[in-house]
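Here's a short walk through this structure for anyone meeting it fresh. Have the sequence and the 3D view open as you read.

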Amino acid sequence: MKRRALLKGAIIGPLVLGVPLLYQSPLFQNSVPDLRHLKDKEAKVFEALLNAWTEDWPSSNLDSSQRLKALDAVLEVVRPDKRAELLLAIKLLAFAPSCFFLTGSINPWASSSETKKVLDLWKTSSQEIPRKLYLGFSSLFAATYYGGQDSWAGVGYPGPPEVIKGSAL
Amino acid sequence: MKEPQVISFNEVDQKELEFDVVVIGSGPGGGLSALRACERGLKVAVFEMGPGLKTKDFVMDEATAYQNLYQEAAGRTTLGGEVTILQGRTLGGGSAINWTSSFETPDLTLRTWQEKYSLTHLNRESLKGHFEKVKELIGVATWEIPPNANNELLAQGLKKLGVSYASIPRNVRGCQNLGYCGFGCPTGAKQSSFRTSLARGSSLGASIYCDAFVKKLLIKKDKVYALEVCPRTAVLGEAPNNKVKAKTFICAAGAIGTPGLLLRSLVPDPHNSLGKRTFLHPTTICGATFKEEVAPFYGAPQTIYSDAFIPRDLNERRPGYKLEVPPIHPLLLATSLPLKGKQHRELMKRLAYTQAIIALQRDGFHQESPGGQVLVKKGQVFLDYQLTPYMQEGFKRSLLTMGEVQFAAGAEEVFPVHRHGEKVKSWQAFKNQISNLSMAPLDLKVVSAHVMGGCAMGKEPKESVTDIKGRYHHLENLYIRDGSLFPTSLGTNPMLSILALVDHLEV
């Protein structure tokens, strides 16, 4: 417990200080309507990570804004404190100095190969925070991509069977 | 049986309610406690945090089910993210979403409780009648239909290796063998608490409230006198609290919810034992692909098991594990694989040909497996749980067992569910891979569907949280009636043990 609290305090804590300033930036206004949790700049980071995570996958039936909506919907059901932690991470990744600290680059999100390198770095890292970022984003993206019926055909899932009504009801 | 009438707490106007007995949680323990109190002619109310969904409301869609029926939309984890925990949060609790496996408490577990925790009153003989009664209540029977391919391949692999296995008894009546037990049962075949004990309790006059978040117990001197309750959707808002008074209070909110509520209520805990020794059956997963279609999403989810790797001796050092299989639907598989890109996609594309085995490790039987601790911070409940080197040793052994079974069953490729896991085509390559993989937290995927302990019963207040009748040591009228009473994990799926224990305690 103490070790974890220390890690969080030492690494994420100081970086948080920069975040409130960014909140007031006009860059953080929503441009995709109806998104509750994702702002413009963060949404771009999310999208870059999602695209790198799903490299070479067939594109789903959803366009970019629909995918962001799906991601936003997944975030909606995440426990509030965990959602806040995840959104804090994405804010840090959208802010150049903290992004450099977490990825080794100030803006790896503009290039898909750079974003992929970040994911590889996190995946193979022996440090707790990058590993958590990798695992947290992976399950978020998996839930976003496979949460809808449009993904079923691509993985050979025929969908649920017919229910014989009235047997046990 | 007619399903119970349910009142959403969103629609409750009265600021104060009063009953003889109040039960918090509608899972197997809460449901049965409520029924027994109703049978004694008492005025009973049940408060469930989750929604009041019943058979007609269940849909066989993963995303909908996880969001509606599970704690934290099936995203609950231990504090450090080491273990993903699947727990029900709906009318019926775990009994509404489990995979219907119905086992009695293993002999070795009861012997451990008798010899190491002085629970001499809990033995095969004293529990026999209670197991019979609750089996009848929830329709436990041998499953006569042939297992689906996912289960059959486990049986085939074990048979080829000369390892013992058996069929899993299930609590269903009129089951259509669909395979969607984890999404609630859309046919009503599963005999969850809202189809059995709560249905009977409701017919005897119990009031069942859903969407009701119990914020805390209100305590005066050495008694609880009321609950503070608000609608679940208003937990973080400013909704006024309702007061629910009663003579007797029963906590059955599950082994994270119950200690969490007690800690939040600042109940007296002079020995600082509340919420400690919480167990999970930390579970490892090994996947395999076969040439023939497996269709692991269809058919009764769990029908074959093996206890061949569970110790027989009280002094055995190894943790031991039970082998079963999980149902595999797209979203569950996708979110379980700690992979990305092509590697993730390739495995997903083989979904219909995938088989998986899970190994449920016993925890709490050895000093190096002390379980976790429930904590409350800013009103939120967490479980801090360390995966010790001792347990990691057990994980490695379990992966080797599962891989060997899958290759024996004819798997084309086998892959450990691990951050660095690779699919391999031979048993030798698999052994080599496992010997080089770290079993450390966040490397290996570890899941849990069984949370137990945290309010262990016992004779001495210094060594336990409740007395041997499940009454909280330091409050006169507060009783625990769920899996948090167990002093160790069980080494098997817990629903039937919870029911038999509650039935025993309610006599």
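In which helix of chain B is the place of Ser497(B)? Ser497(B) sits in helix α13, which covers residues 495-505 of chain B. Keep in mind that this is a predicted model.

Let's stay with that serine for a moment. Ser497(B) has a relative accessibility of 3%, so it counts as buried. Leaving out residues up to four places away in sequence, Ser497(B) touches Phe103(B), Glu104(B), Thr105(B), Phe131(B), Phe486(B) and Leu490(B).

**The two chains**

Now zoom out. Chain B has 507 residues, and 65% of them count as buried. Its secondary structure comes to 13 helices and 24 strands. Chain A has 169 residues, with 45% of them buried. There the secondary structure is eight helices and zero strands, so to speak a plain run of α-α-α-α-α-α-α-α from the N terminus on.

Here are some like items for the two chains:

| Chain | Residues and share buried | Exposed area | Carbon and sulfur share of that area |
|---|---|---|---|
| Chain A | 169 residues, 45% buried | about 8600 Å² | 60% |
| Chain B | 507 residues, 65% buried | about 17800 Å² | 50% |

What about contacts that link distant parts of a chain? In chain B, take the contacts between residues at least 6 apart in sequence: 75% of these join residues at least 24 apart. In chain A, residues 24 or more positions apart account for 63% of the contacts with a separation of 6 or more.

**The overall form of chain B**

The C-alpha atoms of chain B fill a box of roughly 65 × 45 × 45 Å along the principal axes. What radius of gyration does chain B have, and what would a compact globule of 507 residues have? Chain B has 22 Å, which agrees with the value near 23 Å for such a globule.

Then there's charge. Chain B carries 59 positive and 49 negative side chains, and the centres of the two sets lie 1 Å apart.

**A helix with a buried face**

Helix α2 of chain B takes in residues 62-69, and its buried residues are Glu62(B), Ala65(B), Tyr66(B) and Leu69(B). Looking down the axis of α2(B), you'd find these buried residues within an arc of 100°, so they line one face of the helix. The spacing fits a general rule: an α-helix has 3.6 residues a turn, so residues three or four places apart point the same way. And what do the buried residues of α2(B) pack against? Their partners are α3 (94-97) and α9 (330-336) of chain B.

**Two loops with a positive phi**

Just past that helix, have a look at Ala73(B), in the loop between α2 and β5 (83-85) of chain B. Ala73(B) isn't a glycine, yet its phi is positive, at about 50°. Is Ala73(B) buried or partly exposed? Ala73(B) is partly exposed, with a relative accessible area of 21%.

Leu266(B) is another non-glycine residue with a positive phi, here about 55°. You'll find Leu266(B) in the loop between α8 (254-264) and β14 (278-279) of chain B. Leu266(B) has a relative accessible area of 72%, so it counts as exposed.

**Two more stops in chain B**

Helix α8 has a loop on its other side too: Ala253(B) lies in the loop between β13 (248-251) and α8 of chain B. Ala253(B) is partly exposed, with a relative accessible area of 32%. Setting aside neighbours within four places in sequence, Ala253(B) is in contact with Ile24(B), Gly25(B), Thr258(B) and Asp482(B). How far apart are the C-alpha atoms of Ala253(B) and Gln361(B)? They are separated by 23 Å, with the two positions 108 residues apart along the chain.

Last up is Leu137(B), in helix α5 (residues 124-138) of chain B. With 8% relative accessibility, Leu137(B) counts as buried. Not counting residues up to four places away in sequence, Leu137(B) touches Leu32(B), Arg173(B), Thr196(B), Ser197(B) and Arg200(B). Leu332(B) is 195 residues from Leu137(B) in sequence, and the two are 31 Å apart in space, C-alpha to C-alpha.

Notes: Residues numbered from 1 in each chain as written. Chains lettered and ligands numbered in written order. Predicted model: local features only at pLDDT ≥ 70, side-chain atom pairs only at ≥ 80, totals over all residues. Heavy atoms only, no water. Helix = DSSP H or I, 4+ residues; strand = E, 2+ residues; numbered from the N terminus. Rg over C-alpha atoms; globule rule 2.2 N^0.38 Å. Buried < 20%, exposed > 50% of the residue type's maximum accessible area, 1.4 Å probe, protein only. Contact = heavy atoms within 4.5 Å. Areas by Shrake-Rupley, 256 points an atom, 1.4 Å probe, with all protein chains shown as cover. Lys, Arg positive; Asp, Glu negative; His and termini not counted. Charge placed at Lys NZ, Arg CZ, Asp CG, Glu CD. Arc of directions from axis to C-beta.
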